[in-house]
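Let's take a look at how some helices pack in this one, and at where empty space is left inside and on the protein. Have the structure open as you read.

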Amino acid sequence: MLKEICLNGGLFPTEEVKVSITLEQYVKEIQFFINKGIVNFHIHFRDSDGNESLDEHIISPQFRFLKDKFPMINIGIGSPLQNGINSKLREELISNWSNFKPDFISVNLSEEGSIDLINILKEKDVKIEYGIFSLKDAEIFTNNKLYINCYRVLLEIIDDNNHPKTSAEAIKEANDLINYFQKLYSNTEIILHGENKYDWDIIKIAIEKNINYRIGLEDTTIDAKGKILESNIHLYNFYRFFISQ
């Protein structure tokens with residue numbers, strides 16, 4: 001089942017791809033997806049220059065505005081080490097949250113400082129969506145007993161810049177991770193997604209195996225034939241066509 005829309009990730013708008021980075025743009029897309037019955041959103045909030053931020057003073061007002069306007073939705077945020085955010089800065093900014101708590105936050109276990117960050121988030125009683133990129137990450141999940149009070153797991157079949165995956169490799173990785181978690185943690189919620197050209201292969205797997213999945217420009221800006229998708233709404237319309245085939 002389509003469970004979540006990831007609006008922007010670390011992307012910046014281009015002439016071809018109109019990535020949402022402002023409140024006005026979030027509102028337009030969220031309203032569209034609510035009308036389609038979707039209430040879970042993943043957003044990388046931005047500052048006034050369009051850069052990703054984890055500063056409470058920047059992200060909390062935006063989060064609160066959207067929650068007040070759409071009280072039925074759940075909003076998760078990202079915490080990736082990209083676009084100028086390193087592990088030290090991330091830990092400092094999140095440690096300083098005093099009146100802000102997102103509905104959930106994604107933490108990639110492959111990243112430096114992830115376990116320290118998880119401990120901080122647990123102290124703040126923030127629900128964590130654990131980003132799992134590989135079986136190595138899955139072992140980190142197991143060895144640190146992160147399955148205890150786990151909100152959910154995000155299985156992410158991502159590109160490797162040094163070794164771009166084939167569709168067959170991406171599908172094998174997805175199946176290996178799915179089998180690992182279904183065997184050991186059958187009661188843990190899983191969300192699946194791919195990246196770039198093979199995102200559509202991963203969506204097929206999710207549908208075939210009846211696993212929740214997400215879509216959005218953060219994961220891919222191209223359709224299954226490699227054509228540019230200009231917005232999340234455009235992506236969703238192609239997605240509806242894709243799953244009908």
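What follows goes through three helix pairs, then the largest pocket, then the cavity.

Keep in mind that this is a predicted model.

**Helix pairs**

Two packed helices are described by the angle between their axes and the distance between the axes. Here are those values for the three pairs:

| Pair | Angle | Axis distance |
|---|---|---|
| α3 (residues 87-95) and α4 (residues 114-123) | about 0° | 10 Å |
| α6 (residues 167-184) and α7 | about 35° | 9 Å |
| α7 (residues 199-209) and α8 (residues 232-244) | about 55° | 12 Å |

Start with α3 and α4. Their axes make an angle of about 0°, so the two helices are roughly parallel to each other. On the α3 side the contact uses R90, E91, I94 and S95, and α4 brings S114, D116, L117, I120 and L121. Sorted by class, this contact of α3 with α4 comes out at 4 nonpolar, 2 polar and 3 charged residues.

Next up is α7, which packs with α6 and with α8. Take α6 first: the crossing of α6 and α7 is right-handed. From α6, the residues S167, A170, I171, A174, N175 and I178 touch D201, I202, I205 and K209 of α7. The class split for the contact of α6 with α7 is 6 nonpolar, 2 polar and 2 charged.

Now for the α8 side. The angle between α7 and α8 is about 55°, and that makes α7 oblique to α8. This crossing is right-handed too. Here α7 uses W200, I203, K204 and I207, and these meet L235, F238, Y239, F242 and I243 in α8. What does the contact of α7 with α8 look like by class? There are 8 nonpolar residues, no polar ones and 1 charged residue.

**The largest pocket**

Rolling a probe the size of a water molecule over the atoms shows where empty space is left. The largest pocket holds about 660 Å³ of space. Which residues lie nearest its centre? They are Q82, F133, I158, E195 and E218, out of a lining of 30 residues. Two strands help build this lining: β4 (104-108) and β6 (152-156) each supply at least two residues. By class, the lining of the largest pocket has 15 polar, 8 charged and 7 nonpolar residues.

**The cavity**

How many cavities of 30 Å³ or more does a search of the whole structure find? Just 1 turns up, with about 80 Å³ of space in it. If you want to find the spot, look for I43, H44 and F45, then E52, S53 and L54, then I77, G78, S79 and P80, and finally I85, which together line the largest cavity. That lining has 6 nonpolar, 4 polar and 1 charged residues.

Conventions: Residues numbered from 1 in each chain as written. Predicted model: local features only at pLDDT ≥ 70, side-chain atom pairs only at ≥ 80, totals over all residues. Heavy atoms only, no water. 1 Å grid on protein atoms, 1.4 Å probe; cavity = no way out; pocket = protein on both sides within 12 Å on 5 of 7 lines; lining within 4 Å. Points joined across faces, edges and corners; volume = space filled by probe spheres on them. Nonpolar A, V, L, I, M, F, W, Y, C, P; charged D, E, K, R; others polar. Axes fitted to C-alpha atoms, helices over the stretch in contact; angles between N-to-C directions. Helix = DSSP H or I, 4+ residues; strand = E, 2+ residues; numbered from the N terminus. Parallel < 35°, antiparallel > 145°, perpendicular 65-115°, else oblique. Left-handed = near helix turned anticlockwise from the far one by under 90°. Contact = heavy atoms within 4.5 Å.
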